[in-house]
Amino acid sequence: MTETISSQTVTAKARRVNVRTPEVMARVQAQVESHYQSSLVERIRQSAGEMTIGSTTVRLARQFGFCYGVERAIDLAYAARKVFADKKLWLIGEIIHNPEVNRQLREMGVEFLPNPVPEETVRALGPDDVVIVPAFGAETRTMKHIEEQGCQVVDTTCGDVMSVWRRVREYAKTGFTSIIHGKAAHEETRATSSRATGADEAGHYLVILTLEDCDYVCSYIRTPGDKAAFLKKFGGAYSVGFDPDVHLRRVGVANQTTMLKSETEEMQRRIAQAVIDRDGPSAEVKNFVFFDTICGATQERQDALFDLLKQPPDLLLVVGGYNSSNTTHLVEIGEQQLPTFFIRDHERLKSITEIIHYDLHARAEKATYAEKLLSRDQVVVGITAGASCPNNLIEETIIRVFELRGISRERVLAV
Ligand code: SF4
């Protein structure tokens with residue numbers, strides 16, 4: 001059924017459409033719950049996050065799974081499908097980084113555009129097309145093209161991402177170059193970078209990923225060196241016309257919302273120190289600025305994992321999409337302390353001894369044969385998930401763990 005949006009008429013400019021009416025949301029909620037919720041997970045949460053049957057214990061992190069930004073993005077995408085039941089619905093890239101959620105949207109007839117979107121692709125759209133902007137946002141250039149085509153826009157960009165945009169725009173306005181801690185190719189960081197040049201596009205940015213990148217930049221801040229080598233090292237991660245000799249004089253630090261908080265803080269400290277070493281103690285106020293832009297949901301999930309690891313389980317399963325940044329950081333935290341397996345879904349748990357999982361370092365799935373993990377007499381399995389992982393995938397993972405230990409699905413669900 002199609003709801004009409006009577007007060008709105010299509011104009012030459014893109015229209016941002018509010019699809020969140022109470023009547024639509026009531027229908028959306030039921031559908032979203034049926035796709036992603038889990039009563040088993042809720043029951044375990046209410047039992048202090050732990051479930052034991054026989055010699056097998058599953059322990060959940062205090063916080064995991066869908067964050068408010070992801071829930072909102074999914075709600076809006078589902079609402080768009082209901083409101084525009086007869087229209088072509090296009091999604092820029094992926095709504096969030098989870099294959100199951102994107103599969104559901106595909107099944108609902110949402111068409112996927114590549115991200116970044118080539119200009120000619122946008123030029124083929126028109127006022128009858130509805131474009132969904134994902135939770136990570138989209139680049140200013142893409143938004144401009146969509147607006148020029150007069151498309152209708154359902155914008156699911158998370159408010160925490162937009163807070164970062166406000167910061168980097170402010171940096172550009174006040175003559176600071178944004179140093180963005182993030183992955184240069186990640187959708188969110190590309191969207192943020194595109195705002196870091198400011199309204200007049202005269203501002204600059206540099207994206208750095210690792211502490212090693214940070215130290216390289218800090219050395220250059222203290223003593224400018226080989227400019228060509230600098231530009232080569234950070235190729236594709238800085239604004240047009242960026243000159244490290246000029247544009248590292250005044251710097252503001254921002255970050256992709258889903259980075260490791262401890263790493264972002266360390267970068268802020270090192271860059272501030274480099275500016276002080278170059279310009280003297282009073283320079284920090286004049287030539288360096290930062291704001292903490294790690295989102296609350298990412299922080300809560302990282303803190304909850306640190307809590308879980310205070311009493312380390314025998315192994316940790318991290319469930320989620322392999323391209324999910326915040327999930328990746330949970331894996332990194334786990335790996336430092338115990339056997340950790342990054343799995344897309346329960347089917348990766350092949351047998352009591354074989355786990356197929358994503359190796360962050362090799363950037364590929366691999367099989368690990370772990371005879372002494374799941375098959376030991378008593379086992380405690382820790383489970384967590386990133387902000388883009390639905391609870392139904394966690395439920396299936398829990399059931400699979402118990403099944404591998406000889407406990408049936410029926411018995412687990414009956415507990
Ligand atoms: S992880 Fe943070 S920034 Fe990303 S959608 Fe969730 S709340 Fe928003």
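How many nonpolar, polar and charged residues does the shell around the ligand have? Work through the exercises below to find out.

**Ground rules.** This is a predicted model: local features need pLDDT of at least 70, side-chain atom pairs count only at pLDDT 80 or more, and totals for chains, interfaces and linings use all residues. Residues are numbered from 1 along each chain as its sequence is written, and side-chain values use heavy atoms, with hydrogens and water left out.

**Exercise 1. Describe the shell around the ligand by residue, element and class.**

Step 1. Find the residues. A residue is near a molecule if one of its heavy atoms lies within 4 Å of it. The ligand is surrounded by 13 residues. The closest are Cys67, Tyr68, Cys158, Thr257 and Cys295.

Step 2. Find the elements. Helices (H or I, at least four residues) and strands (E, at least two) are DSSP runs, numbered from the N terminus. Two or more shell residues come from each of α3 (68-83), α7 (159-173) and α14 (296-308). The largest share is that of α3, with three residues.

Step 3. Sort by class. Ala, Val, Leu, Ile, Met, Phe, Trp, Tyr, Cys and Pro count as nonpolar; Asp, Glu, Lys and Arg as charged; the others, Gly among them, as polar. The shell has eight nonpolar, four polar and one charged residues.

**Exercise 2. Find the cavities and say which one holds the ligand.**

Step 1. Fix the terms. The search uses a 1 Å grid over the protein atoms alone. A cavity is a set of points where a 1.4 Å probe fits but cannot get out. A pocket is an open set with protein on both sides within 12 Å along at least five of seven lines. Lining residues have an atom within 4 Å of a point. Grid points are joined across faces, edges and corners, and a volume is the space filled by probe spheres set on the points.

Step 2. Count. The whole structure has two cavities of 30 Å³ or more.

Step 3. Place the ligand. A molecule sits in a cavity if more than half of its atoms lie within 2 Å of its grid points. The ligand takes up the space of the largest cavity.

Step 4. Describe the largest cavity. Its volume is about 280 Å³. Its lining has 23 residues, and Cys67, Val70, Phe136, Thr258 and Asn326 lie nearest its centre. At least two lining residues come from each of α3, α7, α14 and α15 (325-335). Here α3 gives the most, three residues. The classes are 11 nonpolar, 10 polar and two charged.

Step 5. Turn to the second largest cavity. Its volume is about 30 Å³. Among its lining residues are Asn115, Pro116 and Arg190.

**Exercise 3. Characterise the largest pocket.**

Step 1. Its volume is about 730 Å³.

Step 2. It is lined by 31 residues; Thr140, Arg141, Ser194, Thr197 and Glu201 are the closest to its centre.

Step 3. The elements α6 (140-149), α8 (187-195) and β9 (205-208) each give two or more residues to this lining. The most come from α6, with seven.

Step 4. By class, the lining has 11 nonpolar, nine polar and 11 charged residues.

**Exercise 4. Lay out two open sheets of five strands.**

Step 1. Two strands pair if DSSP finds at least two bridges between them.

Step 2. One sheet runs in the order β2-β3-β16-β12-β13, with mixed pairing. Its edge strands, β2 (50-53) and β13 (340-343), each pair on one side only. Within it, β12 (315-319) and β13 pair in the parallel sense over four bridges. Val318 stands opposite Phe342 in β13.

Step 3. The other sheet has the order β1-β7-β6-β4-β5, with parallel pairing. Its edges are β1 (15-16) and β5 (111-113). Strands β4 (89-92) and β6 (130-133) pair in the parallel sense over three bridges. Trp90 has Val131 in β6 as its bridge partner.

**Exercise 5. Locate two unusual backbone spots.**

Step 1. Recall the usual case. Most residues other than glycine have a negative phi, and most peptide bonds are trans.

Step 2. Check the peptide bonds. Asn115 and Pro116 are joined by a cis peptide bond, with omega about 5 degrees. Pro116 lies in the loop between β5 and α5 (119-123).

Step 3. Check phi. Ala48 has a positive phi, near 60 degrees. Ala48 sits in the loop between α2 (39-46) and β2.
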